[in-house]
Amino acid sequence: RKRRTQKAGEIVIGYSDPDLSLLFYWWMGQSASTVAGAQNRIKFRSSPVISSMKEIDDSDDVIDVFDVGEFDYSSNIPDECLACIFHFLSSGDRKSSSLVCRRWLRVEGQSRHRLSLNAQSELVAVVPVIFSRFDSVTKLALKCDRRSASIGDEALVLISLRCRNLTRLKLRSCRELTDAGMESFAKNCKGLKKLSCGSCAFGAKGMNAVLNNCSALEELSVKRLRGITDGAAAEPIGPGVAGGSLRVICLKELYNGQCFGPLIIGSKSLRTLKLFRCSGDWDKILEVIAEQVSELVEIHLERLQVSDTGLAAISKCSILEILHLVKTPECTNNGLKTVAENCKLLRKLHIDGWKTNRISDDGLIAVAKHCPNLQELVLIGVNPTCASLEKLATNCLNLERLALCGSETVGDPELSCIAAKCIALRKLCIKSCPVSDQGMEALASGCPNLVKVKVKKCRLVTSGSADWLRTTTRGSVAVNLDTPEPENPDASASDGGVPEVGNEIRQVAGQVRGVSIASSSTGRSNSFKARLGLTTGRNLVACTFRRWSSFGGSSSSSSRNN
């Protein structure tokens, strides 16, 4: 934006990053002396990004910077190279750069392939304007506030007409969309490869329309699809023409998710299946899936009604590499043994036993015996002992990542066993286990490849042991330890107000604890309350391993450079 100042010939250009002034002149091929001289005449400063979406015409105040007599060296840069430069900028900096001149505005809009829009009902009026500028969008997210009216079929059809090359679509809380709108969209965007929808109101007909028209669909994620009818009246979904291309299916919180059974069974190229909190008995469906789908390498089952019968069916997937069993209380050691004996390529195993003690040493020893390629093991609410941990360490020589959370039997002897036997271990997470400083000392003398340790809510571990572990000869070990801070009985409200905040938090916590949870007829209220606290443990581990994965990539690259 051109804005005259009190000094003659001085221009202020809005940028979200002051360093872009140097980058700007670098793009134009200027020398350092030219940059220094030019900065006396052109100043860059932070400014808010224009939020209104409107077409730029001659009446707007977006002008060419070089109207004041400077030669535009960037005109020598082809549009394709300028678009590549824009791809290295953040979203905010791209918006600011688009205000430099009309050419940059055009190139930035044409080179933007990813767009996220607030999908309120008012969006329909500006769809033509938005997609006239962003005419190369291939990845689109439409998200609406739950308390607002969402876009309807008209807006979705307009978008599909202007984005025929769309490959990814994410819909969130678009409750006004119907089966008819999804059908029209699917006919216009037949190249769609990924669809993710959550809290939408269309039903089985709309989903079948997508599957019958989008032959390139590779990934489907559905959460809380409200339009699916209940019970036997539910229309079966799939597979359609997408059955030959689908590789990932994720179903979450579906009351009648079993109507997706034909889709799963008919997806012959399916590699990943994730089922989270979907009601109904899944044993029989898993049996059919295992018979019809032979390429499955990753299965996630969480809060699902599945037993050892279902695990026996899963064991027929001989090339299975990743298995997550989270809060499936009917699964026992027998089912895990069957999986271990037949799925010998298993690399990652996550088990949240929900403290039912139905999966223990017996099942883990079977895993150690038959799955030598195991690299990652997460146990939550499971009570392993030295017997199983030693077998895992001895037979699974590639075990690099281990997490033990909420395990009553994992103490100093078990931690010492891990330190002495797990030679390949690189990352270790311990949470809510009865380990102490003695176990941490043993850890310091073992696990020669260890690079990262996380210890959470282990009350017997003090900060001193963590400091000592950091200062050992292996200074490259990153230690993340939280220790409960001792309460100060002399603290008062007059000492700066911090105790008041603590008292308020404790009062709120007391109120939350005071809320009664309605007990069911099965009498499982107390156990449910006890298990409820384990959800934080699972979230910690998931976050930990996501960070560890990126950490491992950077550490491996640095080691290669060295």
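**Exercise 1. Two residues in one loop**

Task: In this predicted model, find where Asn 357 lies and decide whether Asn 357 is buried or exposed. Then do the same for Trp 354.

Solution:
- Step 1. Asn 357 sits in the loop between E12 and H14.
- Step 2. The relative accessible area of Asn 357 is 51%. The cut-off for exposed is over 50%, so Asn 357 is exposed.
- Step 3. Trp 354 is placed in the loop between strand E12 (348-352) and helix H14 (361-370).
- Step 4. Trp 354 has a relative accessibility of 9%. Buried means under 20%, so Trp 354 counts as buried.
- Step 5. Now look at the backbone. Phi is near 60° for Asn 357 and near 55° for Trp 354. Most residues other than glycine have a negative phi. Trp 354 has a positive value although it is a residue other than glycine, and Asn 357 likewise has a positive value.

**Exercise 2. A special peptide bond**

Task: What kind of peptide bond joins Gly 238 and Pro 239, and where is Pro 239 placed?

Solution:
- Step 1. Check omega: between Gly 238 and Pro 239 it is about 0°, and the bond is cis.
- Step 2. For background, most peptide bonds are trans.
- Step 3. Pro 239 is found in the loop between strand E7 (219-223) and strand E8 (248-252).

**Exercise 3. Describing helix pairs**

Task: How are H7 and H8 oriented to each other, and how are H3 and H5?

Solution:
- Step 1. Start with what you need: two packed helices are described by the angle between their axes and the distance between the axes.
- Step 2. Helix H7 (residues 153-162) packs with helix H8 (residues 179-188) at about 0°, and the axes are 9 Å apart. Angles under 35 degrees count as roughly parallel, so H7 and H8 are roughly parallel to each other.
- Step 3. List who meets whom. From H7 come Asp 153, Leu 156, Val 157, Ser 160 and Leu 161, while the H8 side includes Met 182 and Phe 185. By class, the contact of H7 with H8 has six nonpolar, four polar and one charged residue.
- Step 4. For helix H3 (residues 79-87) and helix H5 (residues 102-110), the axes come within 9 Å and cross at roughly 70°. The range 65 to 115 counts as roughly perpendicular, so H3 is roughly perpendicular to H5.
- Step 5. H3 contributes Asp 79, Leu 82, Ala 83 and Phe 86, and among the residues of H5 in this contact are Trp 104 and Val 107. The contact of H3 with H5 divides into five nonpolar, no polar and four charged residues.

**Exercise 4. Following polar contacts**

Task: Which side chain forms a polar contact with that of Ser 199, and what does the side chain of Asn 449 reach?

Solution:
- Step 1. Ser 199 lies in the loop between strand E6 (194-198) and helix H9 (204-213). With a relative accessible area of 6%, Ser 199 is buried.
- Step 2. Its side chain is joined to that of Arg 224 by a polar contact of 3.2 Å.
- Step 3. Asn 449 is in the loop between helix H17 (437-445) and strand E16 (452-456). Asn 449 counts as partly exposed, at 38% relative accessibility.
- Step 4. The Asn 449 side chain reaches the backbone oxygen of Ile 423 at 2.9 Å.
- Step 5. Asn 449 and Leu 425 are 24 residues apart along the chain, yet their C-alpha atoms are separated by 6.1 Å.

Conventions
Residues numbered from 1 in each chain as written. Predicted model: local features only at pLDDT ≥ 70, side-chain atom pairs only at ≥ 80, totals over all residues. Heavy atoms only, no water. Helix = DSSP H or I, 4+ residues; strand = E, 2+ residues; numbered from the N terminus. Buried < 20%, exposed > 50% of the residue type's maximum accessible area, 1.4 Å probe, protein only. Polar contact = N/O pair within 3.5 Å; in protein donor to acceptor, adjacent residues only side chain to side chain. Axes fitted to C-alpha atoms, helices over the stretch in contact; angles between N-to-C directions. Parallel < 35°, antiparallel > 145°, perpendicular 65-115°, else oblique. Contact = heavy atoms within 4.5 Å. Nonpolar A, V, L, I, M, F, W, Y, C, P; charged D, E, K, R; others polar.
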